[in-house]
Every structure is written in structure tokens, then in C-alpha cells.
Amino acid sequence: MRAVRYHEYGGVGTLVVEQVPEPRPGPGEIRVRVAAASVNPVDWKVRSGAVREVLPVELPAIPGRDAVGVVDETGAGVQGVSIGDRVFGLGGVTGATAELAVLSAWAPAPTGWTDEEAAGAGLASVTAMGGLKALGPLRGRTLLVEGAAGGVGSAAVEIAVARGATVIGTAGERNHEFLASLGAVPTTYGAGLAERLTALAPDGVDLALDTAASGSLAELVAIVGEPARVSTIADHAGAHRLGVHLANAENDSALLAEAGELGRQGRYTPRVERTYPLERTAEAHTYGERGHTRGKIVIRV
Ligand SMILES: NC(=O)c1ccc[n+]([C@@H]2O[C@H](COP(=O)([O-])OP(=O)(O)OC[C@H]3O[C@@H](n4cnc5c(N)ncnc54)[C@H](OP(=O)(O)O)[C@@H]3O)[C@@H](O)[C@H]2O)c1
């Protein structure tokens, strides 16, 4: 099969498209013929070698953590899914940007989602849900999402609105209309955030989800009043220092099914800013690494 790979840690120049051996699903796993895979910050964090101490990968490695495709093989013990089903989901830290990928968590892809949208739903939705669940019930609460225009942030906005929260999201001004289209009240991040929020939410902000890891975690705690009302999916050191909730993505099919159900109800649609063909994955990484993606970047396989 064709896949994107890198044979050594490094920059985007290490990415090549080549013929590689087909992966096989192990017990409890499925293999999909990939229609599209998404691009996530973990792809370049791993590829660059920056996180090799905590997330070492076997080289050569295929970037990509999540994908949508049609099931073409099921591993031992797999139930509830058949060859030919269209599913979206998560595999390992690597492996998705290829014609065939192994998934260990999946759910049926809503028919209303394009392949690009479904590709962008896997990691973003389980991460957003993990971060939101740590905050407890959302109905009637005012939630601040720091970094609301990114892949995880934009998913968190729609999911939190669907769960009954009033959501205020931070982003650069070029993304304010985008945030409003997701159902959030937009504001700018950075200096003066607390003052802007006082004007936008005179009764106060109850909860905060950080997806930006921009160093604002202590300010988010001050804004909502206590660390227990804040979660982060990105600032590990800050979470440990301040005692806020830290949520990591889990390969959890139940969470994916919840996201898919919101998709079927029309309440969550992954927003895709850019789509690239497999051969141009290096350009996709370069664009994503700028740190200003609106929604998701997707690779069409
Ligand atoms: N713990 C886990 O399991 C897990 C899972 C997934 C992701 N993550 C981590 O979570 C982070 C976000 O992931 P992602 O996929 O959402 O990334 P992403 O899509 O690349 O995020 C890009 C967004 O970040 C926003 N942004 C940049 N600087 C900001 C700042 N100072 N304040 C607020 N927003 C800012 C940008 O908005 P503007 O363009 O408007 O500036 C842009 O929309 C990454 O560090 C990623 O590695 C962790």
C-alpha cells in the first residue's frame, strides 16, 4: 500500500510517500481502507523527535492518529461492525496517513458528514469530551474555551453548546466569525482577558477548558475561582503545578459514538479548513505547525 512515512526524526523534509507493508489488525482491532486522515499537533511533535522520551515510535513511522474509512478486515473478538461499514476513529499514535490503517476505537460515521469531516472528528472529539467531562455538568453553566478555533477547541464549543452550556471562546480576530458560527461568543486571548469576560459575562464564568497551552492556566483559575473548575488538554506542567484537571485523549469507542450521535443530530460537524492529497502531507504539516489552524486539516487518501 501507499503511505506517508519518515525514516528519521526531523522536519517536514523527512516525509516521503512510498510503498509499505500492509498493517494487520490485532485482537479487538479493525483495519479500514482509509478515505481521509486528519493532521494533529501530535503528528509533528512525534515526527520532530521533541517527545521521543515520552512517546517513542518505531521508525520508519507513518504519521496520523485518526481517520475515516471502510472496514476491510476485523481482528479476533471484534463484534458489532462488518466489512464494508464506514467508520471513523483512532489508531495508535502513528499509522493513519496511509491507504490502510488499523483502528482500535471507532464508531459509524454519520451519513451527513463528508469523509473530510469524519476524518477530523476522531482525536478532536474524544479529547474535547475528556476535557469537558472533567468539568462536570454543563447545562446552564458559562464555559470559557481558551483556544476555541483549533481542532479540539472548535469541537469542544459545539459539544458544550449541545450539552446546554453558554460558551465564550478565545481566538484571534480573524476567527471570531467562525466562533460565532459554532455557537460561541468570541473574544480575544491574551492581556486583559478577565476584563473582557466581565463585560461579556457579568454574572461570571463558571468553568474553563484550556486547549491552547499558552501559559494562561493560572489566569483561567483566577477567572473561574478554583482549580477544580478548570481543565486542560494541553498544558501538562501547568496542570500539575496548579492542580487543574488534565485530560488526555482516550481510544474510547463510546465517546466516538457520542460524537457521531451529535453529528447525526446536526449539533456537531468537524470544520475542515484545508484538505491536501496524500502526496502533499508535508505541506499540511507545515501549515498546521504554524499553530493557527481553523478547525481541522485533513489528508485525502
Ligand atoms: N492531551 C491530549 O490527548 C491531546 C489531544 C489532542 C490535542 N492535544 C494538544 O492540544 C493542543 C491543541 O490541539 P489542536 O488539535 O486543537 O491544535 P490546533 O488545531 O493546531 O490549534 C490551533 C488553534 O490554536 C489557536 N491558538 C494559537 N495560539 C493561541 C493562544 N495563545 N490562545 C488561544 N488560542 C490560540 C489558534 O487560534 P488563532 O489562529 O485564532 O490564534 C488556532 O485556531 C495541542 O497542543 C495538542 O498537542 C492534546
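This section describes the strands around β9 and the surroundings of the ligand in a predicted model.

Strand β9, spanning residues 166–170, has four of its five residues buried, and it is therefore largely enclosed by the rest of the structure. On one side of the pairing pattern, β9 is joined to strand β8 (residues 142–146) by four bridges in the parallel sense. Within this pair, valine 145 has glycine 169 of β9 as its bridge partner. The connection between the two strands involves helix α4 (residues 151–162), and β8, α4 and β9 together form a β-α-β unit of right-handed sense.

Strand β9 also pairs with strand β10 (residues 185–187), again in the parallel sense, through three bridges. Here threonine 170 is placed opposite threonine 187 of β10. From β9 the chain passes through helix α5 (residues 176–182) to reach β10, in a β-α-β crossover that is right-handed.

The ligand is surrounded by 30 residues, of which Ala149, Gly150, Gly172, Ser214 and His292 come nearest. Two or more residues of this shell are supplied by each of the elements α1 (41–47), α3 (122–133) and α4. The largest contribution is that of α4, which provides three residues. Helix α4 thus belongs to the β-α-β unit with β8 and β9 and also contributes to the shell around the ligand.

By residue class, the shell comprises twelve nonpolar, 16 polar and two charged residues. Because residues of the shell come from both domain 1 (2–121 + 270–300) and domain 2 (125–246), the ligand shell lies between the two domains.

Notes: Residues numbered from 1 in each chain as written. Predicted model: local features only at pLDDT ≥ 70, side-chain atom pairs only at ≥ 80, totals over all residues. Buried ≥ 20, exposed ≤ 12 C-beta atoms within 10 Å, placed from the backbone. Pairing = 2+ DSSP bridges. Right-handed = clockwise from strand over helix to strand, strands pointing away. Near = placed C-beta within 6 Å. Nonpolar A, V, L, I, M, F, W, Y, C, P; charged D, E, K, R; others polar. Domains from an automatic or database assignment.
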